[in-house]
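This report goes through the empty spaces, buried helices, strand pairs and charged contacts of one protein model. The structure is shown first, and the description follows.

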Amino acid sequence: MKQLMVIIISAFCMSFTYAQDITDALRYSQDEIQGTARFRALSGAFGALGGDMSAVSINPASSAVFTNSHISMSLSNRHVKNKSQYFNGYASNSFSNIDLGQSGAAFVFNNRNQNSKWSKFTLGVSYEQVQNFDDNWYANGTNPNNSIDRYFLEYGNGLRLDEISALPGESFSQAYSEIGSIYGFGHQQAFLGYESYILEPAAFEDDNTIYTSNISGGDYRQDYNYISTGYNGKFTFNAGAEYNNRLYIGVNLNSHFINFNRYTYFSERNNNQSSIVSQVNFDNELYTIGSGFSFQLGTIVKVTQGLRAGFTYNSPTWMNISEETTQYIRTVRDDNGSNVSQVINPLIINIYPTYRLQTPGKFTGSLAYVFGKYGLISFDYSLKDYGNTKFKPTSDRYFSIQNNIISNSLRAASTYRVGGELKLNRLSLRGGYRFEESPYRNNTIVGDLTGWSTGLGYNFGNIVKIDLAFDQSKRDSTPQLFNIGLTDVVNLDSTNSNFTMTVVFNL
């Protein structure tokens, strides 16, 4: 109970801006193939098609293709397998979860004025999960070069000793809170390094700004565990219309919300000669909530009876994001021949000022050919320039630096999606393929994504439909352990598999 009270009281302590970087910007700028089973079975190639609520999320004009009011709900089982390599260590793990990935309804209003070329109007509301942040991977290996001490040295060197140490009689919790409130995140990291005996000052004087490490050179056995949970979802209000039985137009107004939690556990051990500190355990937790707004404009044209063309513009998403962090460190050191453990668990929740993020817009062009009642084939091409992602206010010096890094590191990435459907009376067979370019100019950081899909659907008399789909995608990446100091990377191979079921009601 005493610890809980410390957390609650400390939650009101404010610190300077947490170190947002390119990985945070990219996390909230990407989207995934989510939605209905039919949509996923065609790998999302729905920009020139209608008859599906998730098609509306790609092109808002798709709602105007509905002939009847429509309701759908989708449940997905997601399975992720991660394989990692870190120096001489290999690891593999997997996990699964079940989500309500989509639900929505579109209502069709036929125009009773037969002299008007506007034959019908549609209104719709829907929820879709844009991203699933659930992830879990583990890496371990022997690092022959770098220790966690580099993380703390990067933050500590140049800072005064009296700005990163506890006052006489002051608890670690009080010192950590005060240092964060007055000086900010970087000073807190140096404080953890100094008070855990990793950093050794050149002189024990208040104005000292030079530090060395109590971890000597050699090999370091390192373990790293990454666990994240959360989602990026959106609620959509849609309006569409059909003109002259050939032109469909629509607009989406999207309300976005983010909930993201990341926990990382790092452990290092060494038996290096003359090393005072032989073990370090360093835990970090980040909790993020956010909200935002975007809009979409779309059109579909019946070029011929079978050929359709679609075009969609997705605006940038303007987000407000708030973050909180907690930290814990434990070291084991040699004190005159005895191993002594030092634990710093501040029980402080750092609450940071809300910042703004503008994610990039996207253009999508689509073609589809419908073979009457026998099936269809569809193709989508999308272009999104991730280099246009921006932290705001852009006048902020730190954000300006990060925005320059983003514009120089990220690029305009293309996405290709193709899908087909074969109808056999009430049974439909489906399949698809997609390819997404890496958002990085250096695609070893995050590689290209490839995915395939298959599925089927059964129509129970044009009132109730059940669709099933399986899709799988693969992507390689090389995440860093830390964004400063210990920046060694893990070779990560991720496979994402999904099984989705959708129930559809035509009213």
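A pocket is here an open set of points on a 1 Å grid, with protein on both sides within 12 Å along at least five of seven lines, and a residue belongs to the lining if it has an atom within 4 Å of a point. The model to which this is applied is predicted.

## The second largest pocket

The second largest pocket has a volume of about 1300 Å³. Its lining is made up of 41 residues, and those that lie nearest its centre are Arg38, Gly51, Thr67, Lys423 and Lys465. Divided by class, the lining of this pocket holds nine nonpolar, 20 polar and twelve charged residues.

Several strands take part in this lining, each with at least two residues: E1 (70–86), E16 (375–385), E18 (412–424), E19 (427–436), E20 (449–460), E21 (464–477) and E22 (491–506). Some of these strands also pair with each other. E1 and E22 run antiparallel and are paired over 16 bridges, with Arg78 standing opposite Asn498 in E22. E21 and E22 are likewise paired in the antiparallel sense, over 14 bridges, and here Leu468 stands opposite Met501 in E22.

## Enclosed cavities

Rolling a probe the size of a water molecule over the atoms shows where empty space is left. How many cavities of 30 Å³ or more does the count give? The count comes to three. The largest cavity contains about 450 Å³ of space, and of the 31 residues that line it, Asp31, Val130, Lys234, Asn314 and Lys362 are the closest to its centre. Two or more lining residues come from each of helix H4 (53–58) and strands E3 (118–132), E7 (220–243), E8 (247–269), E9 (277–302), E11 (317–335) and E15 (362–370). By class, the lining of the largest cavity has eight nonpolar, 16 polar and seven charged residues.

The second largest cavity has a volume of about 70 Å³. Its lining consists of Gln34, Arg40, Ser76, Arg78, Asn97, Asp99, Gly101, Gln129, Asn132 and Asn498, which divide into no nonpolar, seven polar and three charged residues. Strands E1, E2 (89–110) and E3 each supply at least two of these residues, and the largest share, three residues, comes from E2. Arg78 and Asn498, which both belong to this lining, are the residues that stand opposite each other where E1 pairs with E22.

## Two helices with buried residues

Six of the eight residues of helix H5 (149–156) are buried, so this helix is largely enclosed by the rest of the structure. The buried residues are Asp149, Tyr151, Phe152, Leu153, Tyr155 and Gly156, and they pack against helix H7 together with strands E5 (199–201), E6 (211–213), E9 and E11. H5 is followed by Gly158, whose phi is positive, near 100 degrees.

In helix H6 (172–182), the buried residues are Ala175, Tyr176, Ser177, Ile179 and Gly180. Their cover includes helix H7 (185–195), strand E11 and strand E13 (350–351), so that H7 and E11 appear among the contacts of the buried residues of H5 as well as those of H6. Just after H6, Gly184 takes a positive phi of about 110 degrees.

## Salt bridges

Side chains of opposite charge can pair when their charged atoms come close. The structure holds ten salt bridges. One of them joins the side chains of Asp24 and Arg27, at 3.0 Å from N to O; these two residues, both of which are buried, lie in helix H2 (22–27), three residues apart, about one turn of the helix.

Are Arg434 and Glu436, whose side chains meet in another salt bridge, buried or exposed? Both are buried, and the N to O distance between them is 2.9 Å. The side chains of Arg160 and Asp162 also meet in a salt bridge, again with a distance of 2.9 Å, N to O. Arg160 counts as partly exposed, because its relative accessibility is 32%, and Asp162 is partly exposed with a relative accessible area of 30%. Finally, Arg38, Glu421, Arg430 and Asp467 are joined into one network by salt bridges that share partners; Arg38 is also one of the residues nearest the centre of the second largest pocket.

Notes. Residues are numbered from 1 along each chain as its sequence is written. This is a predicted model: local features need pLDDT of at least 70, side-chain atom pairs count only at pLDDT 80 or more; totals for chains, interfaces and linings use all residues. Side-chain values use heavy atoms; hydrogens and water are left out. On a 1 Å grid over the protein atoms alone, a cavity is a set of points where a 1.4 Å probe fits but cannot get out, and a pocket is an open set with protein on both sides within 12 Å along at least five of seven lines; lining residues have an atom within 4 Å of a point. Grid points are joined across faces, edges and corners, and a volume is the space filled by probe spheres set on the points. Helices (H or I, at least four residues) and strands (E, at least two) are DSSP runs, numbered from the N terminus. Ala, Val, Leu, Ile, Met, Phe, Trp, Tyr, Cys and Pro count as nonpolar, Asp, Glu, Lys and Arg as charged, and the others, Gly among them, as polar. Buried means under 20% relative accessible area, exposed over 50%, partly exposed in between (1.4 Å probe, protein chains only). Contact means heavy atoms within 4.5 Å. A salt bridge is a side-chain nitrogen of Lys or Arg within 4 Å of a carboxyl oxygen of Asp or Glu. Two strands pair if DSSP finds at least two bridges between them.
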